[in-house]
Amino acid sequence: IDFPVLNIPYLDTEIQIRKPIWYFRSSVNYRVHERVSVYGDFFYQSNGSQQLLKYRQFYTLNMGISARLMNNRLTVSLEANDILNTYDLRWESKYGYILYTQRADYDVRMLRFTLRYNFGNFRNIFRDNSAIKEEIQRI
């Protein structure tokens, strides 16, 4: 929670800002099978004020499923971001007769399919000895 307590001189008056912004996030990861898991994330921000800015509420929901196959060498996953298409970060600020607004129209909605294969152990082909290591051991 952001709870502002501000008294700001504004032209010939004083603005009192007292409207809090509430944040809520919930994440879950559930193993359906020993090789399959589903996960989700929900985020909410309420209307509220931060300094002279007034924010509008928004929320977003992300979900995914992941499976490990072929002795854990192959991972297949499907993820969806902003499923409800509700991510809309907006704010406004007013000073005198001038109104500033922003509508951050970030297109964060997406569907991602991933295949990842592990070919095995990585073998280090670089020499472990270096001039600095030898110098440190000498000291």
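The exercises below, each with a worked solution, concern a predicted model of one protein chain.

**Exercise 1. Overall composition**

Task: State how many helices and strands the chain has, in which pattern they follow, and what share of the residues counts as buried.

Solution.
- Step 1. The secondary structure amounts to one helix and eleven strands.
- Step 2. Along the sequence the elements run β-β-β-β-β-β-β-β-β-β-β-α.
- Step 3. The chain has 139 residues, of which 22% count as buried.
- Step 4. The exposed area of the chain is about 11,400 Å², and carbon and sulfur atoms supply 54% of that area.
- Step 5. Taking contacts between residues at least 6 apart in sequence, 46% join residues at least 24 apart.

**Exercise 2. The open sheet and its edges**

Task: Give the strand order of the open sheet of five strands, and determine which strands lie at its edges.

Solution.
- Step 1. The order is 3-4-7-8-11, and the pairing is antiparallel.
- Step 2. Strand 3 (23-33) and strand 11 each pair on one side only, and these two are the edge strands.
- Step 3. From one strand to the next, the twist averages 10 degrees.
- Step 4. Strand 11 pairs with strand 8 (residues 74-81) in the antiparallel sense, over eight bridges.
- Step 5. Two opposite positions can be read from this pair: Ser77 faces Thr114 of strand 11, and Asn81 stands opposite Met110 of strand 11.

**Exercise 3. Leu115 in strand 11**

Task: Is Leu115 buried or exposed, and which residues does Leu115 touch beyond four places in sequence?

Solution.
- Step 1. Leu115 belongs to strand 11 (residues 110-117).
- Step 2. The relative accessible area of Leu115 is 57%. The cut-off for exposed is over 50%, so Leu115 is exposed.
- Step 3. Strand 11 as a whole is hardly covered: among its eight residues the count of buried ones is zero.
- Step 4. Leaving out residues up to four places away in sequence, Leu115 touches Leu74, Thr75 and Val76.
- Step 5. For one of these, Thr75, the C-alpha to C-alpha distance to Leu115 is 5.8 Å, with their places 40 residues apart in sequence.

**Exercise 4. A nonpolar surface patch**

Task: Name the residues of the nonpolar patch on the surface, and find which strand gives the most to the patch.

Solution.
- Step 1. The patch is formed by Ile65, Leu78, Leu111, Phe113 and Leu115.
- Step 2. Together these residues have about 520 Å² of accessible area.
- Step 3. Strand 11 gives the most, with three residues.
- Step 4. Ile65 is placed in strand 7 (residues 58-69). At a relative accessible area of 38%, Ile65 is partly exposed.

**Exercise 5. Ser66, the next residue in strand 7**

Task: Is Ser66 buried or exposed, and what does Ser66 contact outside its sequence neighbourhood?

Solution.
- Step 1. Ser66 is located in strand 7.
- Step 2. The relative accessible area of Ser66 is 16%. Buried means under 20%, so Ser66 is buried.
- Step 3. Apart from neighbours within four places in sequence, Ser66 is in contact with Arg35, Val36, Ser37, Tyr39, Thr75, Val76 and Ser77.
- Step 4. Thr75 is also among the residues that Leu115 touches.

**Exercise 6. Salt bridges**

Task: State how many salt bridges are counted, then describe the pairs Arg25 with Asp41, Arg112 with Glu79, and Glu34 with Arg35.

Solution.
- Step 1. The count comes to four salt bridges.
- Step 2. Side chains of opposite charge can pair when their charged atoms come close.
- Step 3. Arg25 and Asp41 meet at 3.2 Å, N to O. This pair links distant parts of the chain, with Arg25 in strand 3 and Asp41 in strand 4 (residues 36-45), 16 residues apart. Arg25 is exposed at 54% relative accessible area, whereas Asp41 is buried at 15%.
- Step 4. Arg112 and Glu79 meet at 4.0 Å, N to O. This pair too links distant parts of the chain: Arg112 lies in strand 11 and Glu79 in strand 8, 33 residues apart. Both partners count as partly exposed, Arg112 at 37% and Glu79 at 22%.
- Step 5. Glu34 and Arg35 meet at 3.8 Å, N to O. Glu34 is exposed at 52%, while Arg35 is partly exposed at 27%.

Definitions and conventions: Residues are numbered from 1 along each chain as its sequence is written. This is a predicted model: local features need pLDDT of at least 70, side-chain atom pairs count only at pLDDT 80 or more; totals for chains, interfaces and linings use all residues. Side-chain values use heavy atoms; hydrogens and water are left out. Helices (H or I, at least four residues) and strands (E, at least two) are DSSP runs, numbered from the N terminus. Buried means under 20% relative accessible area, exposed over 50%, partly exposed in between (1.4 Å probe, protein chains only). Contact means heavy atoms within 4.5 Å. Two strands pair if DSSP finds at least two bridges between them. Axes are lines fitted to C-alpha atoms, for helices over the stretch in contact, and angles run from 0 to 180 degrees between N-to-C directions. Patches are made of residues with over 30% relative accessible area and no salt bridge: like charges are joined within 9 Å, nonpolar side chains (Val, Leu, Ile, Met, Phe, Trp, Tyr) within 5 Å. Accessible areas come from the Shrake-Rupley method with a 1.4 Å probe; for residues, only the protein chains shown count as cover. A salt bridge is a side-chain nitrogen of Lys or Arg within 4 Å of a carboxyl oxygen of Asp or Glu.
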